[in-house]
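Reader: I'd like to learn how to read the cavities of a protein. Could you walk me through them?

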Amino acid sequence: MSRIVILGGGPGGYEAALVAASLGAAVTLVDSDGVGGACVLTDCVPSKTLIATSETMTSVAAAPALGVIRRGQPARPAGTWEGSGPHLTPPEVLTVEAKRVNSRVLELAAAQSRDIEARLAREKVNVVHAKGRLVGPQAVETDQGDCFVGDVVLIATGASPRDLATAEPDGERILTWQQLYELPEIPEHLVVVGSGVTGAEFASAYRALGAAVTLVSSRERVLPGEDPDAAMVIEDVFRRRGIEVLNRSRAASVRRIGDGVLVELTDGRTVTGSHALMAVGSVPRTKGIGLTEVGIRLGSGGHVVVDRMSRTSVPGVYAAGDCTGVLPLASVAAMQGRIAMWHALGESVTPLRLGTVSSNIFTEPEIATVGVTQRMKDSGTIAAEVITLPLARNPRAKMLGITDGFVKLFCRPGSGSVLGGVVVAPRASELILSISLAVANGLTAEQLAHTFAIYPSLSGSITEVARMMRSEDLFADFEDTL
């Protein structure tokens, strides 16, 4: 019987453990932070639970545009919130109780962790709650004095929020995204430093929850690594909803001043607020666990270097998840872990295909992407035809009062094979699946166009944009409407 030792219990670790156990291996999983890792306990699950509450507030704010109003309140156009001044406020129909919201967030995360651990127990995985480090290529020692030797070792230690020396979090006013759920109240004015995925998601969420929000972005636009058209939509929505976006503004330092914070920018300007959220990236958790001592190669940023089979530079040692720096997605971590175990235990396996990975940004509206990107097309890396369809043309969107968003499709010239796509819409994370299936299975725009979509539905825009891709005449007609 093969022996597997896994260091880290996040998606990469626990999914690998389940695969290995199903293949008859004896599995030991060493974890110090709680099964599920940061994804379940402090990152993905908590943040998306908080965002679910913020989505309700966004729906309430938009309700008057659909004719749902308080007595004596005039209806408003879609996409607007009531109020005046630089920070608009949603209608005071509901009040967010931060303690209740945060309690639900943490309880749900803990319940998810317990469910995962119970599943591991049913599959006979030995879960050891301790800190571990490699003391040999196939040996993991814990701080409790135990040593576990395996035929195969998997490193899945994840990543932590990046700290800046000039803006050290204190857990009260200067915060990482892992510390937000300890706040007793919704911040009066949250200054978000960093306009990447994490910064944009929390800026969107806390604005909907009633906080005034200033977003400090060092780049020309928010979400600089994402589809430029999608980023423009989100930034426009942010500004209309009262978020103050400071583009080309880099934070030099953040410090407490009484009951608030002072953010100093490199150009000499300052921003004050009640709280500051530091969303300036993550660092892999690879220090002090014996990796370099056993010969495992690390990249310049400290991440474990792996190939598409999740192998490290040391035979018999694999790595998965955020500690590898491949893509900071739970779905990718889980797949890396599964691939590692299938490969190590002699199963047929396909190497990781990043070109088929779908991802989502949980702003309001959401941004979902898969496959080829606009940057690839513009740089000439990939030859692709591109069609974009505004969501406002969709009948279901009109019924729901949705005015922002679009569906974009990238297809190979000639064959029409679907290479990628972007969806900007409420619940884009659900809508992207059909495009992901097309990319993963080499379907053409014609095949997508011939697929029945519910009428009326937001997914109907996906089949419609595929029909537009098939006809240059239709494309010309569409250009005339812009």
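Reader: Which residues line the second largest cavity?

Author: Here is the general idea: rolling a probe the size of a water molecule over the atoms shows where empty space is left. A cavity is a set of points, on a 1 Å grid over the protein atoms alone, where a 1.4 Å probe fits but cannot get out, and lining residues have an atom within 4 Å of a point. In this predicted model, the second largest cavity is lined by Leu50, Ala98, Val101, Asn102, Leu180, Leu183, Glu185, Ile186, Pro187, Tyr206 and Leu209. Residues are numbered from 1 along each chain as its sequence is written. As the model is predicted, local features need pLDDT of at least 70 and side-chain atom pairs count only at pLDDT 80 or more, while totals for chains, interfaces and linings use all residues; side-chain values use heavy atoms, without hydrogens and water.

Reader: What volume does the second largest cavity have?

Author: About 50 Å³, where a volume is the space filled by probe spheres set on the points, which are joined across faces, edges and corners.

Reader: Which helix gives the largest share of that lining?

Author: Helix H4 (residues 98–122) does, with 3 residues. Helices are DSSP runs (H or I, at least four residues), numbered from the N terminus.

Reader: How many cavities of 30 Å³ or more does the structure hold?

Author: There are 2, and the largest has a volume of about 80 Å³. Of the 12 residues lining the largest cavity, Ser204, Arg207, Ala208, Arg241 and Glu364 are the closest to its centre. Helix H5 provides the largest share of this lining, 4 residues.

Terms used:
On a 1 Å grid over the protein atoms alone, a cavity is a set of points where a 1.4 Å probe fits but cannot get out, and a pocket is an open set with protein on both sides within 12 Å along at least five of seven lines; lining residues have an atom within 4 Å of a point. Helices (H or I, at least four residues) and strands (E, at least two) are DSSP runs, numbered from the N terminus.
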